[in-house]
Amino acid sequence: MSDHVGAPAARPLPPFEPPYYVVVFSSVRTSVDLGYGEATERLDELVREVPGYLGHEAARTPGGLGITVSYFRDVAAIEQWRAVGEHRDAQRRGRAEWYEQYSVHVARVERSHGFGHA
């Protein structure tokens, strides 16, 4: 289902055929923006090249909590993404500059369904 890569601006991604995996990245940003937007755009390009990447959705609350949910077909795809050098560099920069705090949760999805008006 690689045709679902990316996230529409105002709609959730459709459900995927289980099992698959989600990586939930929850964060609170610092006031430092230097290079953040460019890094995010570049990482969005790179993750699409990972076989088994299904897509992602992201939101930020007015209070500053950001949540990104990334979908992967299997653990091997997650591990491949974790090993990408530019991703690791961005993680280091995130800890040093862009995030006050964050957490990462990885889970296997056993059931998935959705609803939407046509």
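Which side chain of opposite charge is nearest to Glu57, and how far away is it? In this predicted model, it's Arg11, at a distance of 11 Å. Glu57 is buried and has no salt bridge, because a salt bridge would need a side-chain nitrogen of Lys or Arg within 4 Å of the carboxyl oxygen. You'll find Glu57 in strand E2, which runs over residues 53–60. What its side chain does have is a polar contact with the side chain of Tyr71, at 2.4 Å.

Now on to the helices, starting with H2 (75–83). Ala77, Ile78 and Trp81 are the buried ones here. Look down the axis and they take up an arc of only 100 degrees, so they sit on the same side of H2. Flip to the other side of H2 and you meet Ala76 and Ala83, both exposed. As for what covers the buried residues of H2, the list includes E1, H1, E2, strand E3 (65–72), H3 and E4. So E2, the strand that holds Glu57, turns up again as part of that cover.

Helix H3 (residues 85–98) has 14 residues, and at 1.5 Å a residue it should span 20 Å; the C-alpha atoms at its ends are 18 Å apart, which agrees. Its buried residues are His87, Ala90, Gly94 and Trp98. Viewed down the axis of H3, these fall within an arc of 55 degrees, so they line one face of the helix. Covering them are, among others, strand E1 (20–29), helix H1 (36–47), helix H2 and strand E4 (99–109). The cover goes both ways for this pair of helices: H2 helps cover the buried residues of H3, and H3 helps cover those of H2.

Notes
Residues are numbered from 1 along each chain as its sequence is written. This is a predicted model: local features need pLDDT of at least 70, side-chain atom pairs count only at pLDDT 80 or more; totals for chains, interfaces and linings use all residues. Side-chain values use heavy atoms; hydrogens and water are left out. Helices (H or I, at least four residues) and strands (E, at least two) are DSSP runs, numbered from the N terminus. Buried means under 20% relative accessible area, exposed over 50%, partly exposed in between (1.4 Å probe, protein chains only). Lys and Arg count as positive and Asp and Glu as negative; His and the chain ends are not counted. A polar contact is a pair of N or O atoms within 3.5 Å; within protein, one must be able to donate a hydrogen and the other to accept it, and residues adjacent in sequence count only if both atoms are side-chain atoms. The expected span of a helix is 1.5 Å times one less than its number of residues. The arc is that of the directions from the helix axis to the C-beta atoms. Contact means heavy atoms within 4.5 Å.
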